[in-house]
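Thanks for coming. I will take this one piece by piece, and you can follow along on the screen.

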Amino acid sequence: MATPEISVIMPVYNAGIFLAESIESILKQTFTNFELIILNDKSTDNSLEVISNYQRNDSRIIIINKDINVGPANLRNEGLKIAKGDFIALMDADDIALPTRFEKQIAVLKNNPEIGVCGTWFTFFGSKKNKLIKHSEKPDAIKISFLHSCVIGNPTVMLRKTALNNAQFENEYVPVEDYDLWSRLSAKTAFYNIPESLLDYRQHDNNISKTKIDNVNRSVRKVKINQLSQFGIENSDSKIDSYLNAVSLKKGLSSEEILQVITAAKHLIEQNNKLNNYNPELLESHITKTLLRTIRNASNYNLTFYNQLKETDKKLFGKINGLDKVLLFFKSLIGWKK
């Protein structure tokens, strides 16, 4: 087999019921010059049998069968190390890639050398009604969006191997290790999302434990804090929560906390004007929208807060629409609390 242009990395753990559909969606791609590296994480169902059956008929499939369970982050890292292609495509064992996914993504990467990572829109299906997920499309918007959430679907990703520059998925951030990696890479290379659904993303009726939710929230917070270094802010800064809340909506803040967030927001804008890591117009627009939603979702209002906004933060106050201004005034007048 000639050297493949694309290396597809697919971790598998007990996915036998969906695996055939996922593998076939890769084998039926209109772009055919790829290797499919399937890493079986000591599955206890028929996953290995399904993979082996397909490998017998298609030499592009490479099987890595683990003797111990190591988790998807380690599996993807192992796949990255042995990948032969100049381009890496990620895929999950229960999702379905549309036939032209690879063809369209590799065209974007080949025609735009400044883009290192290319995702696509995707469609949730399975346990709930189908839902199209549209993420930011252009590089500057994606980079700013990462400040508040992961805006690239992990199993839609295709990237240049050189863009990684030895970066990998870190277990420290499981189960949001993808958000961590992409947010780190966004400081070094441009991202792009093809504005078309090229992957069906399967949803399951799994109950998520409180422990897992806590782990997600804790890891997401760490990723967001790390990104504040792009503004010259250390993770030990005493005002770290105000900075986070200036770029990522937090509902139920008190009027006093919101005033602190507004001050932090001004500092972020000033720092970016010095360091020029983010598009200044898009960043200010994002922060303004976040602040307006934060004010609308405050836990309490009072006249001190209202007057501070009106007199000291006139630019922000001017962005509040007429109805919200009326509501803000009356809620402040009566000292409204949730």
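**Thr123 and the strands around it**

Let me begin with a single residue. Leaving out residues up to four places away in sequence, Thr123 touches Asn130, Lys131, Leu132, Ser197, Leu199, Asp200 and Tyr201. Before going further, please note that this is a predicted model.

Where does Thr123 lie? It is part of strand β6, residues 115–126. Is Thr123 buried or exposed? Its relative accessible area is 15%, under the 20% cut-off, so Thr123 is buried. One of its contacts, Ser197, also makes a polar contact with Thr123, side chain to side chain, at 2.7 Å.

The strand pairing is next. β6 and β9 are joined by 10 bridges and run parallel. One pair to look at is Gly126, which stands opposite Gln203 in β9. β9 itself covers residues 190–203, and it also pairs with β5, residues 96–97, this time antiparallel and over two bridges. In that pairing, Ala97 stands opposite Leu199 of β9. Leu199 was also on the list of residues that Thr123 touches.

**β2 and its two partners**

Now please move to strand β2, residues 34–40. How many of its seven residues are buried? Seven of the seven are, so the strand is mostly covered, taking under 20% relative accessible area as buried.

In a regular strand, side chains alternate between the two faces of the sheet. For β2, one side carries Phe34, Leu36, Ile38 and Asn40, the other carries Glu35, Ile37 and Leu39, and all of these are buried. Both faces of β2 are therefore covered, again by the 20% limit. Note that Glu35 is among the buried residues.

Which strands pair with β2? One is β1, residues 6–12, which runs parallel to β2 and is joined to it by seven bridges. Within that pairing, Ile6 has Phe34 of β2 as its bridge partner. The other pairing I will show is with β3, residues 61–65, again parallel, over five bridges. There, Asn40 has Asn65 of β3 as its bridge partner.

The connections involve helices. β1, helix α1 (residues 16–27) and β2 form a right-handed β-α-β unit. β2, helix α2 (residues 47–55) and β3 form a right-handed β-α-β unit as well.

**Helix α10**

Next is α10, residues 255–275. How far apart are its end C-alpha atoms? They are 30 Å apart, and at 1.5 Å a residue the 21 residues should span 30 Å, so the two values agree.

The buried residues of α10 are Ser255, Ile258, Val261, Ile262, Ala264, Ala265, Leu268, Ile269, Gln271 and Asn272. What do they pack against? They pack against α9 (240–247), α11 (280–296), α12 (303–312) and α13 (314–319). After α10 comes Asn276, with a positive phi near 55°.

**Two more buried positions**

Ala167 sits in the loop between α6 (161–164) and α7 (177–185). Its relative accessibility is 16%, so Ala167 counts as buried. Outside the four places on either side in sequence, Ala167 contacts Leu181, Arg184 and Leu185. Ala167 and Leu80 are 87 residues apart in sequence, while their C-alpha atoms are 9.9 Å apart in space.

Ser332 belongs to helix α14, residues 322–334. With a relative accessible area of 2%, Ser332 is buried. Its contacts, again setting aside neighbours within four places in sequence, are Tyr301, Asn302, Leu303 and Tyr306.

**Cysteines**

Last, how many disulfides are there? A search of the whole structure finds zero. Why is Cys118 not bonded to Cys150? Cys150 holds the closest cysteine sulfur to that of Cys118, but the two are 14 Å apart, which is too far for a bond. From the other side, Cys150 is in no disulfide either, and its nearest cysteine sulfur is that of Cys118, at 14 Å.

Their surroundings can be stated briefly. Cys118 has 0% relative accessibility and so counts as buried, whereas Cys150, at 24%, counts as partly exposed.

That is the end of the tour.

Note on methods
Residues numbered from 1 in each chain as written. Predicted model: local features only at pLDDT ≥ 70, side-chain atom pairs only at ≥ 80, totals over all residues. Heavy atoms only, no water. Helix = DSSP H or I, 4+ residues; strand = E, 2+ residues; numbered from the N terminus. Expected span 1.5 Å × (residues − 1). Buried < 20%, exposed > 50% of the residue type's maximum accessible area, 1.4 Å probe, protein only. Contact = heavy atoms within 4.5 Å. Polar contact = N/O pair within 3.5 Å; in protein donor to acceptor, adjacent residues only side chain to side chain. Pairing = 2+ DSSP bridges. Right-handed = clockwise from strand over helix to strand, strands pointing away. Disulfide = S-S within 2.5 Å.
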